[in-house]
Amino acid sequence: MRIICVDVTNKCDLGCSNCTRLLVNQDKHWDMKPENFRLALQSLRGYPGTIAVIGGNPCMHPKFEELCRIFAEEVPDKAQRGLWTNNVFKHAELSAETFGVFNLNPHNSKRGITSLAPLKDLGWYHPGHSDYSSLLAAIQDLYGPVEMWERIGRCDINQNWSASIVEVRGTLKAYFCEVAASFDLARNGDHGMEVTPGWWERPLSDFHSQVDRFCPGCGVPAKVKGHLDHEEIDTYSQTNADLADKSVKKKKRKTVEVDRNNFESVVDLPVTAYSSYLRQQGPQIFVVTPYHKESIEVLRRCHESVMNQQISARLTHVMIADGHPREEIEDWDVLHVRLPREHGDNGNTPRAVGSILAETNGAEFIAFLDADNWFYPDHLASTLQAMHQTGASVGCSWRDYYGPDGQQLPIFEQEEMELRHVDTSCIVLASPAFEVTRLWSSMPRILTPWCDRVFITGIRHRRHMQCYTRKKTVAFTTIYTRHFEGLNLPAPANSKMPPDAEMMAYLQSAAGVQETVSRMGFWPLAI
């Protein structure tokens, strides 16, 4: 794991739905003793990743200033010292001095937003509300043993989050998973590993008793649809009824029970609808999205899919308004560009502008994502892995097809399966291939309905090496008439036909050949 957390308190000024710390399910408040905090840090000497203090809200620890001093003494490299919080209260200046890694989520609380304002540009900041899937909907209540363990093997926490050190009855204990620690604290258990120097180097087999005890009763790998943080609703299944009842009695918490027959899965999303690991290291990736008149819900789905990428990288989402900017986007974690008028060229001008911004701001990779499409969580990671393994400068994936209503459609595209066509949203470019982005601005306007085919043809004409993940990691919203006719479904009102006769006549004319070769350096029908 790239992160190990030290849980210093269970006090928090919020009570979020399906909280991964199970704060409202614990019996009493506690704070880690400063001397134990020092021992926890000493046990992590030699660990190369981020060491983060978490809670609850760690800034509510009554001796937070002393903890900061100890942290600086025991972990000299500021770049390793992390702060996970929703509100720093009066500690903004101290936090900026002490920590080099920030995971800041005010959960849209005005107090938290104001408190974190001086720090929001120093690390990773999550604006707006967060959508948490259920922690208490135990996977063993919802799936059979084979699928249960297969899902546990792909658990978000173990792949991307954190191990944890907590204080149990005055003694430090280590857990392979921070959520396992939460369950043990909520049930007043004591099943952690003794914290000794180098405990974090021990093999996973040494933690098997924790895996067997906590994973089947956990909801993280089940990925059951939950609630927005501010709703303060916990979704649970029978295994965890005791914890749900505890929060109802103590906090008058609202709860919703699910079982194998009535739960809704969010399997294609991370357990929280914001990425739960930092992007302080790794390649610099820019994702360019042109948008026009799409609804804010569609734009949010697109943006959140970028932020939810399961990859260690410095990730920037560039959203380019083609003449119709949305004010709401200003509050998102995006580079928002407003073009003063619409260009009507199928997003080519916005892509050209976004590509220039990416390149001039140090991008190592550029990906494209149309506003009505979205990435699956492993899209960038799987594509970059294929590029690394092959040395290719262009990475390509496949896609699933969806209607405008969000319903997945059983569409099969022979050209795509035979690697003869790649949609723009399925392409990732490494820096040696950035020169092909000039095609977005040099492409004759008449070809813009066919822009993805022209672009991939330009890549091949310039002899950039391509690789293919052969995985469907992009969700593509289709409005092509042929797709709906092939499924005997009514076509959407704004459905599109194949390239029209005028465009094909242009391409096959002497003037079309001359102009395309003059402007782009190749004839699109040549390859």
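# Q&A on a predicted model

Me: Where is the place of Arg463?
Reply: Two elements frame this spot in the predicted model, namely H15, spanning 451-461, and strand S21. S21 itself covers residues 466-477. Arg463 sits in the loop between helix H15 and S21.

Me: Does Arg463 count as buried or exposed?
Reply: The cut-off for exposed is over 50% relative accessible area. Arg463 comes in at 68% relative accessibility, so this residue counts as exposed.

Me: What is the phi of Arg463?
Reply: Most residues other than glycine have a negative phi. Arg463 isn't a glycine, yet its phi is positive, at about 65°.

Me: Where is the place of Glu232, and what is its phi?
Reply: Glu232 lies in the loop that runs from strand S10 (227-228) to strand S11 (233-236). With 38% relative accessibility, Glu232 counts as partly exposed. Glu232 is another residue other than glycine with a positive phi, near 55°.

Me: Which strands stand at the edges of the open sheet of eight strands?
Reply: Read across, the sheet goes S5-S4-S3-S2-S1-S7-S8-S9, and its pairing is mixed. The edge strands each have a single partner strand, so one side of each has no neighbour in the sheet. Those two are S5 (124-125) and S9 (193-194).

Me: What angle does the direction of helix H2 make with that of S3?
Reply: H2, residues 64-74, packs on that sheet. Its touching points are strand S2 (50-54) and strand S3 (81-85). Between the directions of H2 and S3 the angle is about 155°.

Me: What is the bridge partner of Ala174 in S9?
Reply: Ala174 falls in strand S8, residues 171-175, which runs antiparallel to S9 and is joined to it by two bridges. Across in S9, Ala174 is partnered by Met193.

Me: How many of the residues of helix H7 are buried?
Reply: Helix H7 takes in residues 178-186 and is mostly covered. Among the buried ones are Phe183, Leu185 and Val179, along with Glu178 and Asp184. Buried here means under 20% relative accessible area, and the tally for H7 is nine of nine.

Me: Which residue takes a positive phi just after H7?
Reply: Most residues other than glycine have a negative phi. Just past the end of H7 there's a positive value of about 55°, and it belongs to Asn188.

Me: Which strand does S18 pair with in the parallel sense?
Reply: S18 (residues 394-402) is mostly covered, with nine of its nine residues buried. Its pairings with S20 (residues 427-430), over three bridges, and with S19 (residues 408-409), over two, are antiparallel. Eight bridges join S18 to the strand it runs parallel with, and that is S21.

Me: Which residues stand opposite Cys396, Tyr401 and Tyr402 of S18?
Reply: Take the strands one by one. In S20, Cys396 faces Ile427. In S21, the partner of Tyr401 is Phe476. In S19, Tyr402 is matched with Gln408.

Me: Which residue takes a positive phi in the hairpin of S18 and S19?
Reply: That hairpin has five residues between its strands. One of the hairpin's residues has a positive phi near 85°, and its name is Gly406.

Me: What does Asn346 touch, leaving aside residues up to four places away in sequence?
Reply: Asn346 sits in the loop between strand S15 (335-339) and helix H11 (348-360). At 38% relative accessibility, Asn346 counts as partly exposed. Its contacts are Arg351, Thr448, Pro449 and Cys451.

Me: How far apart in space are Asn346 and His227?
Reply: Along the sequence, 119 residues separate Asn346 from His227. From C-alpha to C-alpha, the distance is 36 Å.

Me: Which residues does the UniProt annotation "domain: Glycosyltransferase 2-like" cover?
Reply: The annotation comes from an unreviewed UniProt entry. Its stretch of chain is 30% helix and 29% strand, with end C-alpha atoms 24 Å apart. The record places it at residues 287-408.

Me: What radius of gyration does the chain have?
Reply: The C-alpha atoms fill a box of roughly 85 × 50 × 45 Å along the principal axes. For a compact globule of 527 residues you'd expect a value near 24 Å. The chain agrees with that, because its radius of gyration is 25 Å.

Me: What percentage of the residues in the chain are buried?
Reply: The chain has 18 helices and 21 strands. Of its contacts with a separation of 6 or more, 72% join residues 24 or more positions apart. Out of 527 residues, the buried part is 57%.

Notes
Residues numbered from 1 in each chain as written. Predicted model: local features only at pLDDT ≥ 70, side-chain atom pairs only at ≥ 80, totals over all residues. Heavy atoms only, no water. Pairing = 2+ DSSP bridges. Helix = DSSP H or I, 4+ residues; strand = E, 2+ residues; numbered from the N terminus. Contact = heavy atoms within 4.5 Å. Axes fitted to C-alpha atoms, helices over the stretch in contact; angles between N-to-C directions. Rg over C-alpha atoms; globule rule 2.2 N^0.38 Å. Buried < 20%, exposed > 50% of the residue type's maximum accessible area, 1.4 Å probe, protein only. UniProt positions renumbered as here; feature names shortened; annotations may be inferred.
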